[in-house]
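Me: I'm new to this structure and would like a close look at one part of it. Could you walk me through the second largest pocket?

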Amino acid sequence: MKIFRLTSCLLLSLSLTLRAEVKPAAKSIRESMESFVKEGSLSGAVTLFFHNGKIVNEEAVGLRDIASKSPMTKDSLFWIASMTKPMTALAVMMLQDEGKLSIDDPVMKHLPEFKGQMLLKEKTKDQTVLVKPARPITIKDLLTHTSGLVSNSPLDGNALDVLTLKEAVITYALSPLQFEPGSKWSYCNPGINTLGRIIEVVSGQDYAKFMESRLFHPLGMHDTTFWPSPKQLARQATSYQPSADGKGLEPTTIRYLTAPYSSKKRSPLAAGGLFSTAADLLKFYTMVLNGGEAGGKRYISEKSLQQMTTNQTGDLKASFTEGMGMGLGFHIVRQPTGVTAMLSPGTFGHGGAHGTQGWIDPVTKSIYILLIQRAGLKNGDASPMRQAFQEAAAATLPKP
């Protein structure tokens, strides 16, 4: 009888210990995204998590368009905005591999309009003082957002696709630098658009044609374009922002682009003009994760890719969240913290203006793709949607 009681006590004690150690199950990726749809923060989302050579999870939740009640689908088309930047940067590095440029080249070597560009030293209501900068800007400065170029063309309105790349770049060159090149990090769309113009001059091809012929078509990225066709636009996810009464969402335009988006009168913005899908983005990211190769074809040398995906800005405060650095076109996780806490040091990627995100973790060999169309986020790179998705995805990884 005493043995029975002792055994019962031991089993009860073990049971209580085990219950104390069991943690509540983490939300699945689908549950995480559906929670934002239910609370009215998102209309819908497409997520894709890739690990160790295969798609572990791919979800489409919510609605692509609320008014028509069109469901979100895995092939929904999204404006990926600044996720265009790493693709533009990779094209520049391809040209470096071919010996047609060096990232250490002064920009004026390829674009003479930048010769004699001045630096803004002082500006008051009575006078503007310009001086000669310590050195001219380089291609590397453009790639790392350390050039000091103006934040936008003086001729731009809300839409940024009205001027051609050639016209826009001339206005950047005629505007004084805002700080000494290389002295600080300041996110700069004109800098990336200038890279698009350099691609045109060096390759002898229009920027968009170069991207299509050298990257998108060979990789099979058939839904990645600056000018989506009417058929593709039928799958476009509508952009939303918080409604005026704060009780839901209301549709909003992509204010940086001019409708109709299929019109080729619009300029292809090297800094943020692309539309794409999760499947297409995966093709680009797997090529990068694979060291620059895909389908037996090498797109970029391992040396150039290493430059792109390692910190190039030293101790400068860079990017939009803590613990980050800047590579060449990619943001780099130096010290995982907050929204990047579940990622490995050295993870690299980029976000977009309406909350889209794409990140590659080379340590765990994982790719995180989040596609939403949500304007009005305080910080798309630090959004609760990004954090919830990455936490749910990382929770499925095998423990080291």
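Reply: Sure, let's start with its size: the second largest pocket holds about 290 Å³ of space. A pocket here is an open set of points on a 1 Å grid over the protein atoms alone, with protein on both sides within 12 Å along at least five of seven lines, where a 1.4 Å probe fits. Its volume is the space filled by probe spheres set on the points, which are joined across faces, edges and corners.

Keep in mind that this is a predicted model, where local features need pLDDT of at least 70, side-chain atom pairs count only at pLDDT 80 or more, and totals for chains, interfaces and linings use all residues. Residues are numbered from 1 along each chain as its sequence is written, and side-chain values use heavy atoms, leaving out hydrogens and water.

Now for the walls. There are 18 lining residues, meaning those with an atom within 4 Å of a point. Nearest the centre you'll find Glu-200, Asp-206, Trp-227, Arg-266 and Pro-268. H5, H6 and helix H7 (207-219) each give two or more residues to this lining, and H7 gives the most, with four. Helices are DSSP runs of H or I with at least four residues, numbered from the N terminus.

By class, nine of the lining residues are charged, seven nonpolar and two polar. Asp, Glu, Lys and Arg count as charged; Ala, Val, Leu, Ile, Met, Phe, Trp, Tyr, Cys and Pro as nonpolar; the others, Gly among them, as polar.

For context, the largest pocket has about 600 Å³ of space, and its lining has eleven nonpolar, 14 polar and three charged residues. H6 supplies at least two residues there as well.
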